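Please take me through this model step by step, telling me what to select next in the viewer and what can be found at each stop.

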Amino acid sequence: MKRRVEVAIVGGGVIGCAIAYYLTQLGLRDIAVFERSYLASGSTGRCGAGVRAQWGTEMNCRLAQSSIHDFETLADELDYPSIDFKQGGYLILAFGRAQLDQFGRNVALQNSLGIQSRLVTPDEARRIVPHLVAPDLLGATFCPTDGHCDPFKVTDAYAQAARRGGAEIHTATTVTGLRVCAGRITTVETDRGPVDCGLLVNAAGPHAAQIAAMAGCEIPYMTQRHQIMVTEPVAAMQDPMVISFSHGLYCQQTPRGSFIMGLGDPAEPVGFDMGHSWQFLADLASKIDYLMPALGSLRVVRQWSGLYEVTPDSQPLLGLAPEPANLWLAAGFSGHGFMLAPMVGRILAQLICGQAPEIDVSPLDLGRFARGELMREPSVV
Ligand SMILES: Cc1cc2nc3c(=O)[nH]c(=O)nc-3n(C[C@H](O)[C@H](O)[C@H](O)COP(=O)(O)OP(=O)(O)OC[C@H]3O[C@@H](n4cnc5c(N)ncnc54)[C@H](O)[C@@H]3O)c2cc1C
(Lines give C-alpha, C1' and ligand atoms only; values in the text may rest on other atoms or scores of the structure.)
Protein backbone atom coordinates (compact mmCIF):
# COMPACT_ATOMS: atom_id res chain seq x y z
CA MET A 1 0.00 0.00 0.00
CA LYS A 2 1.38 3.41 -0.99
CA ARG A 3 1.66 5.80 1.96
CA ARG A 4 0.88 8.85 -0.16
CA VAL A 5 -1.53 9.21 -3.08
CA GLU A 6 -2.86 12.18 -4.97
CA VAL A 7 -6.49 10.96 -4.90
CA ALA A 8 -7.97 8.88 -2.07
CA ILE A 9 -11.44 7.48 -2.74
CA VAL A 10 -13.55 6.11 0.11
CA GLY A 11 -15.97 3.41 -1.06
CA GLY A 12 -15.61 0.50 -3.45
CA GLY A 13 -19.14 0.61 -4.82
CA VAL A 14 -19.98 1.36 -8.41
CA ILE A 15 -19.46 5.10 -7.86
CA GLY A 16 -16.00 4.89 -6.26
CA CYS A 17 -14.77 2.39 -8.85
CA ALA A 18 -16.19 4.39 -11.77
CA ILE A 19 -14.53 7.59 -10.54
CA ALA A 20 -11.20 5.74 -10.15
CA TYR A 21 -11.45 4.38 -13.70
CA TYR A 22 -12.33 7.69 -15.35
CA LEU A 23 -9.52 9.43 -13.45
CA THR A 24 -7.05 6.93 -14.91
CA GLN A 25 -8.51 7.70 -18.33
CA LEU A 26 -7.59 11.35 -17.79
CA GLY A 27 -4.03 10.38 -16.99
CA LEU A 28 -4.12 10.31 -13.19
CA ARG A 29 -2.54 7.12 -11.86
CA ASP A 30 -1.81 8.03 -8.26
CA ILE A 31 -5.14 6.86 -6.86
CA ALA A 32 -6.21 4.60 -4.01
CA VAL A 33 -9.71 3.27 -3.36
CA PHE A 34 -10.44 2.16 0.21
CA GLU A 35 -13.27 -0.34 0.67
CA ARG A 36 -13.97 -1.71 4.12
CA SER A 37 -15.44 -4.99 2.80
CA TYR A 38 -15.52 -6.46 -0.73
CA LEU A 39 -16.30 -4.47 -3.89
CA ALA A 40 -20.04 -3.82 -4.34
CA SER A 41 -20.77 -5.02 -0.81
CA GLY A 42 -22.85 -1.89 -0.08
CA SER A 43 -25.92 -0.59 -1.91
CA THR A 44 -24.45 -1.45 -5.29
CA GLY A 45 -24.48 -5.23 -4.83
CA ARG A 46 -27.92 -5.08 -3.23
CA CYS A 47 -29.66 -3.00 -5.87
CA GLY A 48 -32.09 -3.72 -8.70
CA ALA A 49 -29.57 -2.21 -11.14
CA GLY A 50 -32.34 -0.71 -13.22
CA VAL A 51 -31.28 1.92 -15.73
CA ARG A 52 -33.80 4.43 -17.05
CA ALA A 53 -33.81 7.81 -18.73
CA GLN A 54 -37.45 8.43 -17.75
CA TRP A 55 -37.03 11.05 -15.06
CA GLY A 56 -38.93 14.16 -14.04
CA THR A 57 -36.04 16.61 -13.72
CA GLU A 58 -33.79 17.69 -16.57
CA MET A 59 -30.67 16.94 -14.52
CA ASN A 60 -31.59 13.32 -13.85
CA CYS A 61 -32.78 12.84 -17.46
CA ARG A 62 -29.48 14.11 -18.84
CA LEU A 63 -27.26 12.20 -16.39
CA ALA A 64 -29.19 8.95 -16.97
CA GLN A 65 -29.49 9.36 -20.76
CA SER A 66 -25.75 9.83 -21.16
CA SER A 67 -25.06 6.95 -18.77
CA ILE A 68 -27.27 4.65 -20.86
CA HIS A 69 -25.19 5.49 -23.93
CA ASP A 70 -22.13 4.50 -21.89
CA PHE A 71 -23.68 1.26 -20.62
CA GLU A 72 -24.34 0.23 -24.25
CA THR A 73 -20.63 0.03 -24.97
CA LEU A 74 -19.18 -0.29 -21.48
CA ALA A 75 -18.17 -3.95 -21.68
CA ASP A 76 -16.13 -3.25 -24.82
CA GLU A 77 -14.64 -0.08 -23.38
CA LEU A 78 -13.59 -1.84 -20.18
CA ASP A 79 -12.54 -5.02 -22.01
CA TYR A 80 -14.95 -7.09 -19.89
CA PRO A 81 -16.86 -10.14 -21.17
CA SER A 82 -20.35 -8.79 -20.39
CA ILE A 83 -22.19 -6.54 -17.95
CA ASP A 84 -25.51 -8.31 -18.79
CA PHE A 85 -27.08 -5.09 -20.02
CA LYS A 86 -30.61 -5.94 -21.14
CA GLN A 87 -32.45 -3.08 -22.86
CA GLY A 88 -36.02 -4.29 -22.63
CA GLY A 89 -37.37 -0.86 -21.74
CA TYR A 90 -39.12 0.49 -18.66
CA LEU A 91 -42.91 0.50 -18.41
CA ILE A 92 -43.96 3.02 -15.75
CA LEU A 93 -47.58 2.55 -14.70
CA ALA A 94 -49.93 5.49 -14.05
CA PHE A 95 -52.76 5.29 -11.54
CA GLY A 96 -54.86 8.40 -10.99
CA ARG A 97 -55.29 11.53 -13.08
CA ALA A 98 -52.66 13.59 -11.24
CA GLN A 99 -50.02 10.95 -11.90
CA LEU A 100 -50.97 10.65 -15.55
CA ASP A 101 -50.70 14.44 -15.91
CA GLN A 102 -47.27 14.36 -14.24
CA PHE A 103 -46.19 11.58 -16.63
CA GLY A 104 -47.35 13.72 -19.57
CA ARG A 105 -45.08 16.52 -18.36
CA ASN A 106 -42.22 14.05 -17.81
CA VAL A 107 -42.52 12.68 -21.35
CA ALA A 108 -42.61 16.21 -22.83
CA LEU A 109 -39.41 17.03 -20.93
CA GLN A 110 -37.77 13.73 -21.90
CA ASN A 111 -38.68 14.11 -25.59
CA SER A 112 -37.30 17.66 -25.59
CA LEU A 113 -33.96 16.14 -24.53
CA GLY A 114 -34.06 13.45 -27.24
CA ILE A 115 -35.24 10.60 -24.98
CA GLN A 116 -37.52 8.26 -26.95
CA SER A 117 -40.20 7.79 -24.27
CA ARG A 118 -43.92 7.89 -24.96
CA LEU A 119 -47.28 7.79 -23.20
CA VAL A 120 -49.15 4.55 -23.85
CA THR A 121 -52.76 3.52 -23.24
CA PRO A 122 -53.64 0.70 -20.82
CA ASP A 123 -54.25 -1.61 -23.82
CA GLU A 124 -50.85 -0.84 -25.31
CA ALA A 125 -49.21 -1.33 -21.92
CA ARG A 126 -50.81 -4.79 -21.78
CA ARG A 127 -49.52 -5.57 -25.26
CA ILE A 128 -45.99 -4.65 -24.12
CA VAL A 129 -46.33 -6.82 -20.99
CA PRO A 130 -49.01 -9.43 -21.78
CA HIS A 131 -49.34 -10.66 -18.18
CA LEU A 132 -50.02 -7.13 -16.89
CA VAL A 133 -53.57 -6.90 -15.46
CA ALA A 134 -53.72 -3.87 -13.09
CA PRO A 135 -57.49 -3.26 -13.46
CA ASP A 136 -57.33 0.46 -12.51
CA LEU A 137 -54.47 1.34 -14.85
CA LEU A 138 -54.98 4.75 -16.50
CA GLY A 139 -51.95 4.65 -18.78
CA ALA A 140 -48.20 4.27 -18.70
CA THR A 141 -44.98 5.59 -20.15
CA PHE A 142 -42.55 3.44 -22.07
CA CYS A 143 -38.97 3.97 -23.19
CA PRO A 144 -37.45 1.05 -25.13
CA THR A 145 -33.80 1.88 -24.44
CA ASP A 146 -34.10 1.65 -20.65
CA GLY A 147 -33.08 -1.62 -19.00
CA HIS A 148 -30.92 -3.17 -16.32
CA CYS A 149 -27.44 -4.66 -15.81
CA ASP A 150 -25.54 -6.86 -13.38
CA PRO A 151 -24.23 -4.48 -10.67
CA PHE A 152 -21.40 -6.79 -9.57
CA LYS A 153 -20.11 -7.10 -13.12
CA VAL A 154 -20.26 -3.35 -13.75
CA THR A 155 -18.35 -2.61 -10.53
CA ASP A 156 -15.81 -5.34 -11.17
CA ALA A 157 -15.34 -4.14 -14.75
CA TYR A 158 -14.63 -0.59 -13.57
CA ALA A 159 -12.33 -1.84 -10.78
CA GLN A 160 -10.28 -4.08 -13.07
CA ALA A 161 -9.92 -1.32 -15.65
CA ALA A 162 -8.95 1.19 -12.94
CA ARG A 163 -6.28 -1.21 -11.65
CA ARG A 164 -4.90 -1.65 -15.16
CA GLY A 165 -4.75 2.14 -15.34
CA GLY A 166 -2.60 2.25 -12.22
CA ALA A 167 -5.12 2.75 -9.39
CA GLU A 168 -4.70 0.79 -6.17
CA ILE A 169 -7.90 -0.76 -4.83
CA HIS A 170 -7.72 -1.87 -1.21
CA THR A 171 -10.58 -4.08 -0.07
CA ALA A 172 -10.98 -5.07 3.61
CA THR A 173 -9.60 -1.63 4.47
CA THR A 174 -11.72 0.61 6.67
CA VAL A 175 -11.31 4.37 6.78
CA THR A 176 -11.36 5.20 10.49
CA GLY A 177 -10.58 8.90 10.48
CA LEU A 178 -9.45 11.92 8.47
CA ARG A 179 -6.76 14.38 9.52
CA VAL A 180 -7.49 17.98 8.58
CA CYS A 181 -4.84 20.68 8.68
CA ALA A 182 -5.30 24.31 7.62
CA GLY A 183 -8.68 23.54 6.03
CA ARG A 184 -7.48 20.58 3.95
CA ILE A 185 -7.63 16.84 4.42
CA THR A 186 -4.03 15.72 4.66
CA THR A 187 -4.28 12.10 5.76
CA VAL A 188 -6.70 9.21 5.55
CA GLU A 189 -6.49 7.00 8.62
CA THR A 190 -7.26 3.37 7.90
CA ASP A 191 -7.13 0.17 9.92
CA ARG A 192 -4.07 -0.66 7.82
CA GLY A 193 -2.28 2.57 8.66
CA PRO A 194 -2.34 6.20 7.53
CA VAL A 195 -2.17 7.33 3.89
CA ASP A 196 -1.45 10.97 3.02
CA CYS A 197 -3.51 12.38 0.17
CA GLY A 198 -3.80 15.40 -2.08
CA LEU A 199 -7.59 15.20 -2.08
CA LEU A 200 -10.35 12.89 -0.92
CA VAL A 201 -13.43 11.66 -2.79
CA ASN A 202 -16.27 10.58 -0.54
CA ALA A 203 -18.13 7.77 -2.35
CA ALA A 204 -19.14 5.87 0.78
CA GLY A 205 -22.81 5.51 -0.18
CA PRO A 206 -25.10 5.39 2.88
CA HIS A 207 -22.04 5.99 5.10
CA ALA A 208 -20.92 9.13 3.26
CA ALA A 209 -22.27 11.35 6.05
CA GLN A 210 -20.06 9.56 8.58
CA ILE A 211 -17.00 9.98 6.36
CA ALA A 212 -17.80 13.68 5.80
CA ALA A 213 -18.28 14.16 9.54
CA MET A 214 -14.73 12.87 10.11
CA ALA A 215 -13.63 16.06 8.32
CA GLY A 216 -16.17 18.30 10.05
CA CYS A 217 -18.53 18.46 7.07
CA GLU A 218 -22.27 17.81 7.50
CA ILE A 219 -24.26 16.35 4.63
CA PRO A 220 -28.05 16.05 4.81
CA TYR A 221 -29.75 12.82 3.84
CA MET A 222 -31.63 10.05 5.58
CA THR A 223 -30.82 6.37 5.25
CA GLN A 224 -33.67 3.94 4.81
CA ARG A 225 -33.93 0.20 4.28
CA HIS A 226 -35.28 -1.10 0.97
CA GLN A 227 -36.14 -4.77 0.60
CA ILE A 228 -35.80 -6.81 -2.56
CA MET A 229 -36.00 -10.46 -3.64
CA VAL A 230 -35.24 -12.86 -6.47
CA THR A 231 -37.27 -15.82 -7.78
CA GLU A 232 -36.36 -19.07 -9.45
CA PRO A 233 -35.49 -18.68 -13.17
CA VAL A 234 -38.28 -19.31 -15.69
CA ALA A 235 -38.59 -19.00 -19.48
CA ALA A 236 -38.33 -15.44 -20.82
CA MET A 237 -41.74 -13.73 -20.48
CA GLN A 238 -41.11 -10.06 -19.57
CA ASP A 239 -38.91 -7.67 -21.49
CA PRO A 240 -39.36 -4.34 -19.66
CA MET A 241 -38.82 -3.39 -16.08
CA VAL A 242 -42.32 -2.66 -14.74
CA ILE A 243 -42.57 0.10 -12.12
CA SER A 244 -45.46 1.54 -10.20
CA PHE A 245 -44.70 4.61 -8.08
CA SER A 246 -48.21 4.25 -6.58
CA HIS A 247 -47.35 0.79 -5.28
CA GLY A 248 -43.67 1.59 -4.66
CA LEU A 249 -42.83 -1.50 -6.70
CA TYR A 250 -40.44 -2.52 -9.48
CA CYS A 251 -40.18 -5.89 -11.21
CA GLN A 252 -37.80 -7.12 -13.89
CA GLN A 253 -36.78 -10.44 -15.45
CA THR A 254 -33.03 -10.92 -15.72
CA PRO A 255 -31.35 -12.45 -18.79
CA ARG A 256 -31.06 -15.71 -16.80
CA GLY A 257 -34.83 -15.87 -16.24
CA SER A 258 -35.10 -14.95 -12.55
CA PHE A 259 -37.45 -12.17 -11.53
CA ILE A 260 -36.06 -9.45 -9.27
CA MET A 261 -38.70 -7.42 -7.44
CA GLY A 262 -38.42 -4.71 -4.83
CA LEU A 263 -40.72 -2.54 -2.80
CA GLY A 264 -40.31 0.85 -1.13
CA ASP A 265 -42.22 1.09 2.14
CA PRO A 266 -43.25 4.69 2.98
CA ALA A 267 -43.53 3.67 6.68
CA GLU A 268 -39.93 2.40 6.79
CA PRO A 269 -38.13 4.14 9.67
CA VAL A 270 -34.94 6.09 9.11
CA GLY A 271 -31.85 4.10 10.09
CA PHE A 272 -29.32 1.48 9.13
CA ASP A 273 -31.40 -1.68 9.66
CA MET A 274 -30.65 -4.16 6.88
CA GLY A 275 -32.71 -7.06 8.16
CA HIS A 276 -35.54 -8.52 6.10
CA SER A 277 -39.13 -9.28 6.92
CA TRP A 278 -42.08 -11.58 6.21
CA GLN A 279 -44.16 -8.41 5.94
CA PHE A 280 -42.21 -7.40 2.83
CA LEU A 281 -42.98 -10.71 1.14
CA ALA A 282 -46.66 -10.47 2.09
CA ASP A 283 -46.96 -6.85 0.85
CA LEU A 284 -45.10 -7.60 -2.35
CA ALA A 285 -47.19 -10.72 -3.01
CA SER A 286 -50.47 -8.81 -2.65
CA LYS A 287 -49.29 -6.01 -4.97
CA ILE A 288 -47.97 -8.44 -7.58
CA ASP A 289 -51.25 -10.35 -7.33
CA TYR A 290 -53.06 -7.14 -8.31
CA LEU A 291 -50.62 -6.00 -11.02
CA MET A 292 -49.34 -9.22 -12.61
CA PRO A 293 -51.05 -12.25 -11.03
CA ALA A 294 -49.38 -14.68 -13.44
CA LEU A 295 -46.16 -14.14 -11.45
CA GLY A 296 -47.86 -15.28 -8.24
CA SER A 297 -46.78 -18.90 -8.66
CA LEU A 298 -43.04 -18.16 -8.91
CA ARG A 299 -40.96 -19.52 -6.07
CA VAL A 300 -38.84 -17.08 -4.07
CA VAL A 301 -35.17 -18.06 -3.88
CA ARG A 302 -33.75 -15.28 -1.71
CA GLN A 303 -34.62 -11.92 -0.18
CA TRP A 304 -32.30 -9.22 1.12
CA SER A 305 -32.22 -5.50 1.77
CA GLY A 306 -30.02 -2.48 1.27
CA LEU A 307 -30.00 1.20 2.14
CA TYR A 308 -31.13 4.23 0.17
CA GLU A 309 -29.53 7.52 1.16
CA VAL A 310 -32.28 10.02 0.42
CA THR A 311 -31.53 13.74 0.13
CA PRO A 312 -34.23 16.38 0.72
CA ASP A 313 -34.86 16.65 -3.05
CA SER A 314 -34.05 13.02 -4.00
CA GLN A 315 -31.15 14.16 -6.17
CA PRO A 316 -27.46 13.37 -5.68
CA LEU A 317 -24.84 15.49 -4.03
CA LEU A 318 -21.95 16.09 -6.41
CA GLY A 319 -18.89 18.31 -6.36
CA LEU A 320 -16.53 20.01 -3.99
CA ALA A 321 -17.69 20.54 -0.40
CA PRO A 322 -17.44 24.11 0.95
CA GLU A 323 -14.88 22.77 3.44
CA PRO A 324 -12.45 21.17 3.84
CA ALA A 325 -11.24 22.59 0.54
CA ASN A 326 -10.16 19.26 -0.96
CA LEU A 327 -13.22 17.13 -0.07
CA TRP A 328 -15.19 15.94 -3.11
CA LEU A 329 -18.67 14.49 -2.69
CA ALA A 330 -20.35 11.81 -4.80
CA ALA A 331 -23.18 10.70 -2.55
CA GLY A 332 -26.87 11.04 -1.67
CA PHE A 333 -28.03 9.02 -4.67
CA SER A 334 -31.51 8.48 -3.25
CA GLY A 335 -32.13 5.08 -4.79
CA HIS A 336 -30.86 5.71 -8.31
CA GLY A 337 -27.09 5.95 -8.12
CA PHE A 338 -26.31 2.78 -10.00
CA MET A 339 -27.72 4.04 -13.27
CA LEU A 340 -25.90 7.36 -12.99
CA ALA A 341 -22.49 5.84 -12.29
CA PRO A 342 -20.91 6.28 -15.74
CA MET A 343 -21.71 10.00 -15.96
CA VAL A 344 -21.03 10.68 -12.28
CA GLY A 345 -17.68 8.93 -12.66
CA ARG A 346 -16.77 10.88 -15.78
CA ILE A 347 -17.93 14.23 -14.46
CA LEU A 348 -16.19 13.88 -11.08
CA ALA A 349 -12.99 12.88 -12.88
CA GLN A 350 -13.28 15.89 -15.19
CA LEU A 351 -13.90 18.28 -12.30
CA ILE A 352 -11.04 16.85 -10.23
CA CYS A 353 -8.69 17.22 -13.20
CA GLY A 354 -9.77 20.85 -13.65
CA GLN A 355 -11.67 20.23 -16.89
CA ALA A 356 -15.09 21.58 -17.84
CA PRO A 357 -17.62 18.80 -17.10
CA GLU A 358 -19.78 17.35 -19.89
CA ILE A 359 -22.88 18.27 -17.89
CA ASP A 360 -22.93 21.20 -15.49
CA VAL A 361 -23.67 19.57 -12.14
CA SER A 362 -23.03 22.70 -10.07
CA PRO A 363 -26.77 22.84 -9.12
CA LEU A 364 -26.21 19.52 -7.30
CA ASP A 365 -23.68 20.96 -4.87
CA LEU A 366 -24.07 20.72 -1.10
CA GLY A 367 -24.76 24.45 -0.88
CA ARG A 368 -28.14 24.10 -2.61
CA PHE A 369 -29.82 23.09 0.65
CA ALA A 370 -28.64 26.22 2.48
CA ARG A 371 -29.59 28.34 -0.54
CA GLY A 372 -33.04 26.73 -0.69
CA GLU A 373 -32.43 25.73 -4.32
CA LEU A 374 -33.79 22.20 -4.17
CA MET A 375 -34.78 20.47 -7.41
CA ARG A 376 -37.32 17.85 -6.35
CA GLU A 377 -37.37 14.68 -8.42
CA PRO A 378 -40.98 13.45 -8.64
CA SER A 379 -40.33 10.03 -10.25
CA VAL A 380 -38.89 7.93 -7.44
CA VAL A 381 -39.79 4.49 -6.04
C1 LIG B 1 -32.81 -2.44 -2.71
C2 LIG B 1 -32.18 -1.38 -3.57
C3 LIG B 1 -32.54 -1.28 -4.91
C4 LIG B 1 -31.95 -0.31 -5.72
N5 LIG B 1 -32.27 -0.28 -7.06
C6 LIG B 1 -31.64 0.59 -7.88
C7 LIG B 1 -31.90 0.58 -9.27
O8 LIG B 1 -32.71 -0.21 -9.77
N9 LIG B 1 -31.21 1.46 -10.06
C10 LIG B 1 -30.32 2.36 -9.53
O11 LIG B 1 -29.75 3.15 -10.28
N12 LIG B 1 -30.05 2.38 -8.22
C13 LIG B 1 -30.69 1.53 -7.38
N14 LIG B 1 -30.42 1.55 -6.03
C15 LIG B 1 -29.51 2.57 -5.51
C16 LIG B 1 -28.07 2.16 -5.78
O17 LIG B 1 -27.83 0.89 -5.25
C18 LIG B 1 -27.12 3.17 -5.15
O19 LIG B 1 -27.51 4.49 -5.42
C20 LIG B 1 -25.69 2.98 -5.67
O21 LIG B 1 -25.32 1.62 -5.64
C22 LIG B 1 -24.74 3.82 -4.86
O23 LIG B 1 -23.42 3.38 -5.12
P24 LIG B 1 -22.24 3.88 -4.21
O25 LIG B 1 -21.02 3.36 -4.81
O26 LIG B 1 -22.40 5.35 -4.00
O27 LIG B 1 -22.57 3.24 -2.77
P28 LIG B 1 -22.23 1.79 -2.20
O29 LIG B 1 -22.43 0.75 -3.21
O30 LIG B 1 -22.98 1.68 -0.91
O31 LIG B 1 -20.68 1.86 -1.93
C32 LIG B 1 -20.15 2.54 -0.81
C33 LIG B 1 -19.07 1.67 -0.24
O34 LIG B 1 -18.43 2.38 0.79
C35 LIG B 1 -17.96 1.43 1.71
N36 LIG B 1 -17.67 2.10 2.97
C37 LIG B 1 -18.54 2.67 3.84
N38 LIG B 1 -17.89 3.16 4.89
C39 LIG B 1 -16.57 2.89 4.70
C40 LIG B 1 -15.40 3.15 5.46
N41 LIG B 1 -15.43 3.78 6.64
N42 LIG B 1 -14.20 2.74 4.96
C43 LIG B 1 -14.14 2.11 3.76
N44 LIG B 1 -15.22 1.83 3.02
C45 LIG B 1 -16.43 2.22 3.48
C46 LIG B 1 -19.12 0.43 1.82
O47 LIG B 1 -18.68 -0.82 2.30
C48 LIG B 1 -19.61 0.38 0.39
O49 LIG B 1 -19.13 -0.73 -0.33
C50 LIG B 1 -31.00 0.60 -5.18
C51 LIG B 1 -30.63 0.49 -3.83
C52 LIG B 1 -31.20 -0.48 -3.05
C53 LIG B 1 -30.80 -0.57 -1.59
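Begin by placing a centroid on the C-alpha atoms of domain 1 and another on those of domain 2: in this predicted model the two centres are separated by 30 Å. To make the selections, use 4-46 + 152-221 + 313-371 for domain 1 and 87-146 + 222-310 for domain 2, which is how the chain is divided.

Next, display the interface between the two parts, where 14 residues of domain 1 are in contact with 13 residues of domain 2. About 1100 Å² is buried between domain 1 and domain 2, and carbon and sulfur atoms give 55% of that area. On the domain 1 side, select Arg46, Pro206 and Tyr221, since these residues supply 51% of the area that domain 1 buries against domain 2, more than any other three residues.

With the interface still on screen, turn to its polar chemistry, where 6 residue pairs are found in polar contact across domain 1 and domain 2, with both partners at pLDDT 80 or more. Colouring by class the side of domain 1 that touches domain 2 will show 4 nonpolar, 8 polar and 2 charged residues. A search for salt bridges between domain 1 and domain 2, on the other hand, returns a count of 0.

For the last stop, leave the interface and look for enclosed space: how many cavities of 30 Å³ or more does the structure hold? There is 1 such cavity, and the volume of the largest cavity is about 50 Å³. To see what surrounds the largest cavity, select Gln54, Ile92, Phe103, Asn106, Val107, Gln110, Thr141, Phe245 and Ser379, the residues that line it.

Key
Residues numbered from 1 in each chain as written. Predicted model: local features only at pLDDT ≥ 70, side-chain atom pairs only at ≥ 80, totals over all residues. Heavy atoms only, no water. Domains from an automatic or database assignment. Contact = heavy atoms within 4.5 Å. Buried area = accessible area lost by both parts, 1.4 Å probe. Salt bridge = Lys/Arg side-chain N within 4 Å of Asp/Glu carboxyl O. Polar contact = N/O pair within 3.5 Å; in protein donor to acceptor, adjacent residues only side chain to side chain. Nonpolar A, V, L, I, M, F, W, Y, C, P; charged D, E, K, R; others polar. 1 Å grid on protein atoms, 1.4 Å probe; cavity = no way out; pocket = protein on both sides within 12 Å on 5 of 7 lines; lining within 4 Å. Points joined across faces, edges and corners; volume = space filled by probe spheres on them.
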